[in-house]
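Here are my notes for you, written as a short tour. Have the viewer open while you read, and turn the structure as you go.

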Amino acid sequence: MSDKKAQLTVDGIDAPLDLPVYSGTTGPDVVDVSGLASKGLFTYDPGFMSTASCESKITYIDGAKGVLLHRGYPIEQLAEKSDYLETCYLLMNGELPTAEQKKEYVNGIMNHTMVHESLVNFFKGFRYDAHPMAMMCGVVGALASFYHDSLDITDPEHRKISADRLIAKMPTLAAMCYKHSKGQPFMYPDNSLSYSENFLHMMFGNPCEPSKIDPVVAKAMDVIFLLHADHEQNASTSTVRLAGSSGANPFACISSGIATLWGPAHGGANEAVLNMLEEIGDESRIDEYVAKAKDKNDPFRLMGFGHRVYKNFDPRSRVMQGICDEVLGAMGAENDPLLRIAKKLEKIALEDEYFVEKKLYPNVDFYSGIIMKAIGIPTDMFTVIFATGRTAGWIAHWNEMISNPYKIGRPRQLYTGYTTRDYVSLESR
């Protein structure tokens, strides 16, 4: 128990209430308000902006300082020195693997990359123009119907198998969504390739010829997955935890996270960047749109600049900036009209006094949107890529919760509707 207390004085209650205060290893202290219910009180915090919903050891963010840590490791170091699957291991297990552990883990993931052939029939039921996120919600939830052998959430080994299956199969399912929209045959995984190479092979390969994968593009794809692997208690992660608190199976929980990520306020940011670039349309109109962005009375906003969490800079964006330049060079895409607009906007944001003063730096969504456009990934697939990378964080948080004592989530409300009233018959209304 904490030896620190916070006192709360409430009208109608004679003595101040003593509330325990807890300190984490870093970050703000939290006040334990769970005892208020016994006094007939609830807290009111729309959007949970000031509420710690859980205790976690996985990821820490300090938005004011531009810090993002996974199990204590700065995201910049992981992006430079690690890779996506090693980061997945770290999120799940709490420590970086030894060489032998990493080899065993990677082999285990690659052994789960295929999906059951019956799952192909699910895709046949979708229209050719179905949104990829709609398909992902459906097929990921449907995985529970194929894997009855590992759905005991009280069994640590079952949880591990389910986690490995989800991380392994997400790139396969993501690529199937793309192929379905194009009317192209699905590509089987090639387990001789790395995780990101395999994804690009299934996305852009065809059965008629060997896949040709640019190592620069494969590295960029791996970094995109890694930088999106986890981001603390955001809307989708909290949704996965809330769904999991009911005892739901992990596939259903991850599907709920995908549904939340689909919302434009959450996972659609990099898609919004491309839509903005298309709206600007031509380099000659950049100054016009920058002026609109500076006008507080104009509804136009530059997408991909600043971040609601990071008040200084997004630490992931610095990594993506270098990767972006490498990809544009490798793809020969420097002269693409939209990408030229993007690079000019980037220059303005980094040098213009208005943007610098307000700390509206290009964020990870700005650069990842540009990279995926250059690679040839269509805009409606951007959030699917995000979901593929984020699955590692979702399943790590789900496993952390299930591995410890927990209660089913049951938020309360401030009720402002009618009080008790008598029923009025239909004839008298």
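The points below go through strands, one helix, the core and some ring contacts.

1. Before you start, please keep in mind that this is a predicted model. Everything below describes that model.

2. Let's begin with the strands at the start of the chain. Strand β1, residues 4-8, runs antiparallel to strand β2, residues 17-22, and five bridges join them. Try finding Leu-8: its bridge partner in β2 is Leu-17. Strand β2 also pairs with β3, residues 30-31, again in the antiparallel sense, over two bridges. There you can look for Tyr-22, which stands opposite Val-30 of β3. As background, strands of a sheet pair through backbone hydrogen bonds, either parallel or antiparallel.

3. Now move along to another sheet. Three strands, in the order β4-β5-β6, make an open sheet with antiparallel pairing. Its edge strands are β4 (59-62) and β6 (73-74), each of which pairs on one side only. Between β4 and β5 (residues 67-70) there are four bridges. A handy landmark is Thr-59, opposite His-70 in β5.

4. Is helix α2 mostly covered or mostly open? It is mostly covered: of the ten residues in α2 (84-93), nine are buried. Among them are Leu-85, Cys-88, Leu-90 and Met-92, as well as Glu-86 and Thr-87. Both ends of this helix are worth a look. At the N-terminal end, Asp-83 acts as a cap, with a side-chain oxygen 3.4 Å from the backbone nitrogen of Leu-85. Just after the helix comes Gly-94, with a positive phi of about 90 degrees.

5. Aromatic pairs deserve their own point, and a search of the whole structure finds 15 of them. Tyr-84 and Tyr-195 make a tilted pair, 5.1 Å centre to centre with 40 degrees between the planes. Because Tyr-84 belongs to helix α2 and Tyr-195 to helix α7 (residues 195-204), this pair ties together parts that are 111 residues apart in sequence. Both Tyr-84 and Tyr-195 are buried.

6. Helix α2 takes part in another pair. Tyr-89 and Tyr-105 meet edge-to-face, 5.3 Å centre to centre and with 80 degrees between the planes. Tyr-89 lies in α2 and Tyr-105 in helix α3 (residues 99-110), so the pair ties together parts 16 residues apart in sequence. Tyr-89 and Tyr-105 are buried too.

7. What about the core? In soluble globular proteins, nonpolar side chains tend to be buried together. Here the largest nonpolar core has 114 residues, and Leu-173, Ile-258 and Leu-345 have the most contacts inside it. Helix α17 (residues 382-402) gives the largest share of this core, twelve residues. Which residues does Leu-345 touch, leaving aside those up to four places away in sequence? They are Met-276, Leu-277, Ile-280, Ile-286, Val-290, Leu-302 and Phe-305.

8. Phe-305 leads us back to rings. Ring pairs link it with Tyr-354, Phe-355, Phe-366 and Tyr-367 into a cluster.

9. Finally, look for charges over rings. Lys-292 lies over the face of Tyr-289, at 5.7 Å from the ring centre. Arg-421 lies over the face of Tyr-418, with 3.4 Å to the ring centre. Try to locate both pairs in the viewer.

Terms used: Residues numbered from 1 in each chain as written. Predicted model: local features only at pLDDT ≥ 70, side-chain atom pairs only at ≥ 80, totals over all residues. Heavy atoms only, no water. Pairing = 2+ DSSP bridges. Buried < 20%, exposed > 50% of the residue type's maximum accessible area, 1.4 Å probe, protein only. Polar contact = N/O pair within 3.5 Å; in protein donor to acceptor, adjacent residues only side chain to side chain. Core = buried A, V, L, I, M, F, W, Y, C linked by side-chain atoms within 4.5 Å. Contact = heavy atoms within 4.5 Å. Phe/Tyr/Trp six-rings, centres within 6.5 Å; stacked < 30°, edge-to-face > 60°. Lys NZ or Arg CZ within 6 Å of the ring centre and 35° of its normal.
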